[in-house]
Amino acid sequence: MRTTDSINSIPTPALIVDEARMLRNVARLECHLNSLDVPIRPHLKTVKSVDAARRILSGGDGPATVSTLKEAEIFAAAGVGDILYAVGIVAQKMERVLAIRAGGCDLSVVLDTPEQARAVVEACRQANDVIPVLIEIDADGHRSGLRPDDPALIATGRILHEGGAELRGVVTHAGESYGAVGADALAAFAEVERLAAVTAAEALRAAGLPCRTVSVGSTPTAHFARNLAGVTEVRAGVYAFFDLVMAGIGVCTLDDIALSVLTTVIGHQKERGWIIVDAGWMALSRDRGTASQVVDQGYGVVCDVQGRVIDDLIVKAANQEHGIVALRPGSSARLPDLALGSQLRILPNHACATGAQFGGYEVLPVDSAAPLAYWPRFSGW
């Protein structure tokens, strides 16, 4: 693991993690869920890093959630022994699933159709393995899943249970919660999510089918759930880093955001009120997730090199390798005089998308006297 003594020596653009903020974020959610007596199954799709995952997984070996089979392969090889692959499975991916399971990892899969269930059953038969499966439930019309009252729920469950797979339970994700704002609205979404999953679980049990796992979660609902009766685990991912979208709906503050992009001032257009930096959309991503929120943060909020927010300064526009820093529209603040070579840090709209642009994290350690660390991250599927 390479280290450096100073943030000023890091070539830019670079991806920065404030370890103290990250650990504080992790502890905050764990504390909330502990108060509701429900464990967390962290989603590792945001960090995509073994070093980061070891600081998020309380036991080190899981449970964990992933969104790609590459994530499952890498984390399983690193010793994570309980993984949920939370993207709908298809027959073409079963060979990789079986290989991961053969290595000793309890990898479970997700599906929402009888056709997928039959593919899993066939894989079980051919490999002589009992693959655990969760049926995806649609809580809010966001994306995938079966409604709790859909007859296909019971039909799918029977195919799995009678065909040689393990019907482990149900899983749902209130993706529409990302559009809710404030504690009450987010708590209401958490209850919609909980009720959908619990209702589906009760329907399976009433039909004589097993359902020991009732898995819910998104970062917004996980933080604002007030009642998790009937739920056995909660999933969340971006909570470890947070981002501007989460701040915009009231899940966190700017001071909670643990991820930023280090950038250097490379030019000025003073007559236009622009400061040019070397972090364009290749570094920040094209995600404009705050554009539909009350406060549009452009391509990111600008901080000084110590991570302190500079009032009303945002990345207004981005080209491939150039970011245009300017005051937000309507601001009465004064554009700061930043010399060429000055370093800044940009808070991202979407931590997952920004992280995907880099091969690793430059880590500001909890011990401020220690050298910076480097955590490799991976990409791909």
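**Entry 1: the end of H6**

I started where H6 stops: glycine 164 follows the helix, and its phi is positive, near 110°. I am reading a predicted model here, so I keep in mind that local features are taken only at pLDDT of at least 70.

Next I looked at the other end. Aspartate 150 caps the N-terminal end of H6, with a side-chain oxygen 2.8 Å from the backbone nitrogen of alanine 152.

Then I checked the span. H6 covers residues 151–163, which makes 13 residues, and runs 18 Å from first C-alpha to last, close to the 18 Å expected at 1.5 Å a residue.

**Entry 2: the two sides of H6**

Which residues of H6 are buried? I noted Ala152, Leu153, Thr156, Gly157 and Leu160. Looking down the axis of H6, I found these buried residues within an arc of 135°, so they line one face of the helix. That fits the general rule: an α-helix has 3.6 residues a turn, so residues three or four places apart point the same way.

On the face turned away from the buried side I found the exposed residues Pro151 and Glu162.

What do the buried residues of H6 pack against? My list has three strands and two helices: S5 (106–111), S6 (132–137) and S7 (166–172), together with H5 (114–127) and H7 (183–206).

**Entry 3: on to H7**

H7 was my next stop, since the buried residues of H6 pack against it. H7 has 24 residues and reaches 34 Å from its first C-alpha to its last, close to the 34 Å expected at 1.5 Å a residue.

Its buried residues include several alanines, among them Ala187, Ala190 and Ala196, but I also noted Glu193 and Arg194 as buried. The buried residues of H7 pack against S6, H6 and S7, and also against strand S8 (213–216) and helix H8 (219–224).

Just after H7 I met another glycine: glycine 208 has a positive phi of about 80°.

**Entry 4: empty space**

How many cavities of 30 Å³ or more are there? I counted two. The largest cavity holds about 60 Å³ of space. Its lining includes Glu136, Asp138, His142, Arg143, Thr172 and His173.

The largest pocket holds about 600 Å³. Of the 30 residues lining this pocket, those closest to its centre are His43, Lys45, Arg143, His173 and Tyr178. I marked Arg143 and His173 in my notes, as they appear in the lining of the largest cavity and also in the lining of the largest pocket.

Last, I asked which elements each supply at least two residues of the pocket lining. They are strand S4 (82–88), S7, strand S9 (233–236) and helix H9 (244–248).

Technical notes
Residues numbered from 1 in each chain as written. Heavy atoms only, no water. Helix = DSSP H or I, 4+ residues; strand = E, 2+ residues; numbered from the N terminus. Expected span 1.5 Å × (residues − 1). Buried < 20%, exposed > 50% of the residue type's maximum accessible area, 1.4 Å probe, protein only. Arc of directions from axis to C-beta. Contact = heavy atoms within 4.5 Å. Polar contact = N/O pair within 3.5 Å; in protein donor to acceptor, adjacent residues only side chain to side chain. 1 Å grid on protein atoms, 1.4 Å probe; cavity = no way out; pocket = protein on both sides within 12 Å on 5 of 7 lines; lining within 4 Å. Points joined across faces, edges and corners; volume = space filled by probe spheres on them.
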